[in-house]
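Work through the exercises below with the model open beside you. Try each task before you read its solution.

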Amino acid sequence: MTYHLRYQVLPGRDPARLAAYCAGHGIEEVVLIYGSEELHAGHPVGVGEDLWFEHVSEVKDVLDAHGIGASLNPWVTVGHADRGRTQDLGFAPMVSPLGEAATATASFACPVWRDWLAGHYGRFSRLGFRVLWLEDDFRFHNHAPLTWGGGFEPEMLERFALLAGDKPTREELVAAITATGPPHPWRALLQRTWREVQLEVLDLVRQAVAGRAKLGLMSSGLGVASVEGRDWAAFFDRVEVHRPHFAPYGDAPGRRLSYSIAMLELQRGLRPAGVEVAPEIENWPHTEWTKSDTQTWSEMVTARLSGAGGLLLDVHPFVTGDPQRYPRVGRMLARSRPAVDRAFSPDISVHGVGVPWWPDTAAHVWGDGGLDGLRADPLRAAEYLLPYGVPVQAGVGAVNAVFGKVAWGVPDGEVERLLSGGLLLDGHAALVLAERGFGELLGVRVEEVAERDAPARQPYSMERVLDGGQLLSVNVQPAVARLAALPGAETWTEILTPRGEHWGDGRVAFTNRLGGRVVTLAACTPESLGRCDDGQSLAHRSLHYLNAELPLVTGGPHLLPHLARTAAGWRLAIANGSADPARPVADLDRDVTATLLAPLAEPASVPVRRAEGRVHVEADVPHRGYVLLEWR
């Protein structure tokens with residue numbers, strides 16, 4: 001099944017019209033939502049729950065009669081956000097690190113809420129749905145209006161105290177887990193508290209639906225889940241279907257496909273084989289005005305290229321009528337289907353520069369005084385590489401990229417493994433590895449990480465290529481590492497002040513005693529450097545130095561590659577993230593076939609030219625279009 005329509009049911013709508021719409025538009029399954037968003041009046045109980053149960057049951061019967069599959073998406077677990085709502089059900093509220101109490105969002109530690117959740121899922125599972133989904137509010141962070149989120153309720157602090165053998169106040173606990181410098185032992189214990197509470201709830205829900213439905217999990221970002229101490233392996237021992245978040249709610253520039261490609265790949269590394277994957281094609285507020293058909297198409301194709309078996313389609317308004325009112329949406333789904341089907345290959349393996357990450361990373365990050373400072377997101381390295389035409393993969397590869405605080409999370413036994421291959425570092429990651437005792441393997445001395453807005457103002461401004469004189473900007477970097485190349489290292493660029501004075505080395509390449517190769521960038525936020533041809537040339541030079549045997553892509557700005565091994569051979573999918581048409585060029589010395597996937601059009605064969613070890617696409621790839629280069 002490919003098309004899974006995520007659709008809000010409303011009393012008064014004729015479910016036969018929904019079934020007819022699905023049959024006419026190739027929609028194999030409907031994921032029913034009820035009492036959501038504008039209609040959310042709180043956790044349904046009593047007569048309110050009965051009414052939803054009866055209506056959902058009626059819709060399910062009609063879908064069954066028409067041969068349309070059905071799953072169920074209860075709108076809340078603990079609750080997304082208060083949004084002016086209050087509850088009087090006896091749920092203990094979430095409490096933020098600042099002591100703010102929610103009015104509608106429940107604590108994971110509350111036994112009354114736990115009983116409600118298990119009972120609600122258990123009751124609705126008796127209707128025979130294929131999947132029952134856990135919403136992505138099944139988390140501690142991001143519950144407005146709480147600052148950061150919850151997890152600091154008295155009930156949670158009591159559980160923490162049993163683990164810690166100590167009973168700090170909320171203020172003392174927050175200060176300890178976010179303190180600057182090495183992690184306080186309480187941080188890992190609080191993460192364990194949160195993790196165990198979540199898994200207890202997950203077990204209750206799983207038991208409530210056991211034998212009647214699969215359990216599906218909607219999730220969000222990796223970095224903040226690490227702050228919560230989420231154990232992904234334990235989660236996927238308990239759930240069978242995953243909806244990875246990967247795309248924005250509304251219109252965004254085509255270059256933001258780098259975020260979507262990276263999110264899908266990095267979450268792939270969390271899941272064991274056999275977990276069903278259905279990314280959500282999101283649209284909020286739910287109207288045709290929120291996201292263009294072109295963008296929706298491109299996100300569907302991106303998800304399918306990642307190997308997603310299904311698409312969770314959030315494409316119709318939730319409160320304003322039957323799907324027949326929106327014929328443009330139906331036409332978009334029909335016109336998208338040929339490319340959506342062409343993009344899919346099951347059981348792919350993805351190849352590229354490795355972007356390694358460990359789920360417990362936030363337990364090892366040195367604090368900076370706030371919970372958000374504990375986030376260490378592997379997405380940053382991927383978002384630097386992809387727009388420059390460099391494919392990426394999750395996990396450790398032959399060549400890897402580690403940026404920023406992720407370097408704190410690399411296990412001791414893995415650091416030398418990374419340094420024995422090819423390793424790309426930003427300035428912050430180099431400082432972390434030096435502080436961990438690996439400085440002599442880097443080829444640079446990190447004298448400081450200079451923050452632009454620190455009291456001692458820093459004058460870094462430009463980066464100059466030493467063997468060509470080209471200038472690039474580092475002027476808006478929030479921090480730059482002052483690097484000094486060690487003997488035996490190659491210095492490719494230098495950092496200059498506005499007056500052209502030497503401030504530090506910019507990019508340094510080094511072969512260490514382990515035989516590994518390391519390239520270090522002084523920039524501490526490389527993904528936000530101004531993009532240019534010289535920047536791409538330096539990025540590709542880095543990958544060549546690190547011995548990356550990958551088909552790097554040029555030919556225009558923001559040509560985003562995805563390299564996969566399929567059952568039929570190799571496939572390099574290149575998306576055009578620019579608004580201008582482009583003709584990609586790939587470092588491939590192969591005979592290939594090329595297929596153009598243009599938005600809302602039938603797939604078409606296009607010509608290519610092979611010259612000087614490269615494949616040149618001889619047709620325009622439009623905005624958000626893909627060209628698939630395939631070979632055996």
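**Exercise 1: Cysteines**

C110 is buried, because its relative accessible area is 3%, under the 20% cut-off. The model is a predicted one.

Task: classify C22 as buried or exposed, then state how many disulfides the structure holds.

Solution.
- Step 1. Take the relative accessible area of C22, which is 0%.
- Step 2. Compare it with the cut-off: buried means under 20%. C22 is therefore buried.
- Step 3. Count the disulfides: the structure holds zero.

**Exercise 2: Strand β20 and its partner**

Task: decide whether strand β20 (residues 479-485) is enclosed or open to the outside, and describe how strand β17 joins β20.

Solution.
- Step 1. Count the buried residues of β20: six of the seven.
- Step 2. Draw the conclusion. β20 is largely enclosed by the rest of the structure because six of its seven residues are buried.
- Step 3. Turn to β17, residues 444-451. Seven bridges join β17 to β20, and the two strands run antiparallel.
- Step 4. Fix the register with one pair: A450 has V480 in β20 as its bridge partner.

**Exercise 3: A four-stranded sheet**

Task: give the strand order of the open sheet of four strands, and name its edge strands.

Solution.
- Step 1. Write the order: β24-β27-β31-β30, with antiparallel pairing.
- Step 2. Find the strands that pair on one side only. These edge strands are β24 (553-554) and β30 (608-611).
- Step 3. Follow β24 to its neighbour. β24 pairs with strand β27 (residues 585-586) over two bridges, in the antiparallel sense.
- Step 4. Locate one contact point: T554 is opposite V585 in β27.

**Exercise 4: Helix α15**

Task: test the end-to-end distance of helix α15 (residues 427-438) against that of a straight helix.

Solution.
- Step 1. Count the residues of α15: there are 12.
- Step 2. Set the expected span. A straight helix would reach 16 Å at 1.5 Å a residue.
- Step 3. Compare. The end C-alpha atoms of α15 are only 14 Å apart, short of that value.
- Step 4. Add burial. The buried residues in α15 are G427, A429, A430, L431, V432, L433 and F438.

**Exercise 5: Enclosed space**

Task: state the volume of the largest cavity, and find which helix gives the largest share of its lining.

Solution.
- Step 1. Begin with the count: nine cavities of 30 Å³ or more.
- Step 2. Take the largest cavity, with a volume of about 100 Å³.
- Step 3. Inspect its lining, which includes I281, E282, K291, D314 and R328.
- Step 4. Assign helices. α10 (293-305) and α11 (327-342) each supply at least two lining residues. α11 gives the largest share, three residues.
- Step 5. Sort the lining by class: four nonpolar, two polar and six charged.
- Step 6. Repeat for the second largest cavity, of about 70 Å³. Its lining divides into seven nonpolar, one polar and three charged residues. α1 (15-24) and α2 (46-65) each supply at least two of them.

**Exercise 6: An open pocket**

Task: for the second largest pocket, state which lining residues lie nearest its centre and how the lining divides by class.

Solution.
- Step 1. Note the space in this pocket, about 460 Å³.
- Step 2. Count the lining: 21 residues. G274, V275, V277, G307 and D347 lie nearest the centre of the pocket.
- Step 3. Sort by class. The lining has 10 nonpolar, seven polar and four charged residues.

Definitions and conventions:
Residues are numbered from 1 along each chain as its sequence is written. This is a predicted model: local features need pLDDT of at least 70, side-chain atom pairs count only at pLDDT 80 or more; totals for chains, interfaces and linings use all residues. Side-chain values use heavy atoms; hydrogens and water are left out. Buried means under 20% relative accessible area, exposed over 50%, partly exposed in between (1.4 Å probe, protein chains only). Two strands pair if DSSP finds at least two bridges between them. On a 1 Å grid over the protein atoms alone, a cavity is a set of points where a 1.4 Å probe fits but cannot get out, and a pocket is an open set with protein on both sides within 12 Å along at least five of seven lines; lining residues have an atom within 4 Å of a point. Grid points are joined across faces, edges and corners, and a volume is the space filled by probe spheres set on the points. Ala, Val, Leu, Ile, Met, Phe, Trp, Tyr, Cys and Pro count as nonpolar, Asp, Glu, Lys and Arg as charged, and the others, Gly among them, as polar. The expected span of a helix is 1.5 Å times one less than its number of residues. A disulfide is a pair of cysteine sulfur atoms within 2.5 Å.
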